[in-house]
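Student: Could you take me through the enclosed space inside this protein, one part at a time? I'd like a close look at what lines it.

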Amino acid sequence: MAPPRAIASPVPDSLYPTLAFLMLAIGLVFTAAFFIHETTSSRRNLSLVKEVTTGAVASVFLGFGSLFLLLSSGVYV
Amino acid sequence: MKMGFRFDLLVLAVALLSTPALSDLVLTRVDRRVDLTSHIVRITSTLKVENTGKDSVSEVLLVFPERQAKNLAYLTALSSTGKGKAKTAAVNLPVKNVNSEGMPPALVAYSVSLPEGGLGKGESFTFDVSVVFTHSLQPFPEKITQADTQLLVFEESAYFLSPYAVKVQSLTVKLPHPRVESYTKLENTKIQGSEIKYGPYENLAPFSYSPIVVHFESNQPFVVARELVREIEVSHWGNVQVTENYDLVHGGSQIKGEFSRLDYQARPHIRGAAAFRNLIAKLPPRAHSVYYRDAIGNISTSHLWGDARKTELEIEPRYPMFGGWRTAFTIGYGLPLQDFLFKSGGKRFLNISFGSPISEIIIDTLIVKVVLPEGSRDISVSTPFPVKQWEETKFSHLDVVGRPVVALEKSKVVPEHDQYFQVYYKFNSISMLREPIMLISGFFFLFVACIVYVHADLSISKSSASYLAKVQWEEVQSVIQQVNNLINRCLTVHDKLDASLRDLSRTGDVQACKTARKQADGLLKELSKELKPLLSILQTSPQAVQILPKVEELVVKEKELQDKLMVKHTTVVECYEKKVSGREIENRIASQQNKITALRQEVDDLLDFIDEL
């Protein structure tokens, strides 16, 4: 039987704060783009495809960013 | 206490009369050391057993009086093959036999299995037995004042209680101080410093028993935890969090009378010798985020320092602990995951210590709860000693169905139980994505809610004047935005034209310039075609009355700009073909250029104006 290998986290611990900051920043940029598109376009010009994609990309980055934020502040979920 | 003692003796004496010889083993040499330097009693015996019969024997029985066996916490036997320091730990199997044939009822027997083959005829074998007892030191007097020292009574038998005959034996009792109040004086008894030696005694029959009582002084800290709950939470993102909830009591002589803080602080060694002030816990190395708090809040009287092999935490409870006083607190710390979680075969396992990190602590009930991440299956536990086991569920951060918890319970735990145990389980690595996906879907739900809100038409009346006016205004707005878009695209085409001119001045490639101009021409024609229907919509709409002149002006100006740029472009290209010098070109187009820049400025202004609406 092979000797036991140690298991560590898939992302190195020391990177957690950096990743949290970067992902949240990118997520917020996309959120800003989403809301700009929503509020400045008139009703007929709203493109559903553009809205949903911007929202999806923003939520992916915000989701990962908030996960790494929780991990770096010590709440190991 | 003494009455119960005498009663046991009586029962033993009666039982001894009806005991046949148990087997043909003879203990040729027994050396016992009783260590009383701590409140945990440790007895180490070295036994040399010889087989005087014909048959091979595979086990050796060890017996203890029932009263002593009640307090027995840990029993282990090691075989000491090899000379001197080369000891090998033997596989010992103390199996509890409940009253096997011929055993008197007041005794509890444990059997040690001898290594393969057993003991042949005439062979002898040496092994060490370590026994640990809890709560075996009786405080006497039971209540003392703050200024008194603690005196304790320990009872034992000078003769090794065994179902076999013993040829030669000796007993040494080691005390923490040279001061002994009293001790039973049998033959061959002498006291040397802080050790009392009984023996050697020779040729004793099986089940010989000679009670001795030692009354001595000990001010060692009597740390007893009535209950300890250790929760070990594993997170695959890189942390093992250990939280320990202690319910501590000072297990020595109870304090009577009043406690004078002034006396204690002025001369702690004279007024408060029996109390203890701090506890030392040895945590694993690389422990982080250590906290020490109780129901009131954080306790700041603690020190932490660590090196590569351990992290030492020294904690002081809020008050010194005197006999009978209780305190309850919580210690928590985080450990790096890679030191404790391993993968072997298809399973993962957690390898972590079972007991408390506090040194010299007796735990009456220890409950260890291992919380595994959600999605763990096929959980099994392997411990070096028997424990009671059951499963629970815990709801923690981002949990849907709850995390599986394995709870292990053991009573009478001593520091010898602080060994590693393993918890095996299966976990699919993809399940780790469940947490970020939950967060992502939460955020996405918010965005979808925004989209739905913007698209929803919540007006009540669809034919009122204000509603219709709003709809028309929105149409006008969208048309204007599209016009804006188109004008911006025209402007980018102009910029491209300018860029091609600059390229021309750099590279002198006239052909490329011409093709660029053709392209720009085509694009501009398309854009103006698209502009036409939009303008017509604006002209028909009543809401656009104010905007319309400005927009028309914008379109007209843009057209002028276009034309002028084209003219400039063609002149420059012709000049290049005719190889006219740079300054000539400049002169010819100077006036054009001025007009162009002025027009461009006006177009930009108009665009800004329209934007602001």
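Tutor: Happy to. In this predicted model, the lining of the largest cavity is made up of 12 nonpolar residues, 2 polar ones and 2 charged ones. That lining counts 16 residues, and those nearest the centre of the cavity are Arg32(B), Val63(B), Phe64(B), Gln68(B) and Phe160(B). The space they help to enclose comes to about 180 Å³.

If you trace the lining back to the secondary structure, three strands of chain B each give at least two residues: strand 2 (41-51), strand 3 (59-65) and strand 7 (124-133). Strand 3 of chain B provides the largest share, with 4 residues.

For context, the structure has 3 cavities of 30 Å³ or more, and the second largest makes a nice companion to look at. Its volume is about 90 Å³. Here the lining splits into 6 nonpolar, 3 polar and 4 charged residues. Of the 13 residues that line the second largest cavity, Val77(A), Pro373(B), Glu374(B), Phe427(B) and Glu435(B) lie nearest its centre, so do keep chain A on display along with chain B when you look there. Two elements of chain B, strand 16 (223-235) and helix 4 (434-455), each contribute at least two residues to the lining of this second cavity.

Technical notes
Residues numbered from 1 in each chain as written. Chains lettered and ligands numbered in written order. Predicted model: local features only at pLDDT ≥ 70, side-chain atom pairs only at ≥ 80, totals over all residues. Heavy atoms only, no water. 1 Å grid on protein atoms, 1.4 Å probe; cavity = no way out; pocket = protein on both sides within 12 Å on 5 of 7 lines; lining within 4 Å. Points joined across faces, edges and corners; volume = space filled by probe spheres on them. Nonpolar A, V, L, I, M, F, W, Y, C, P; charged D, E, K, R; others polar.
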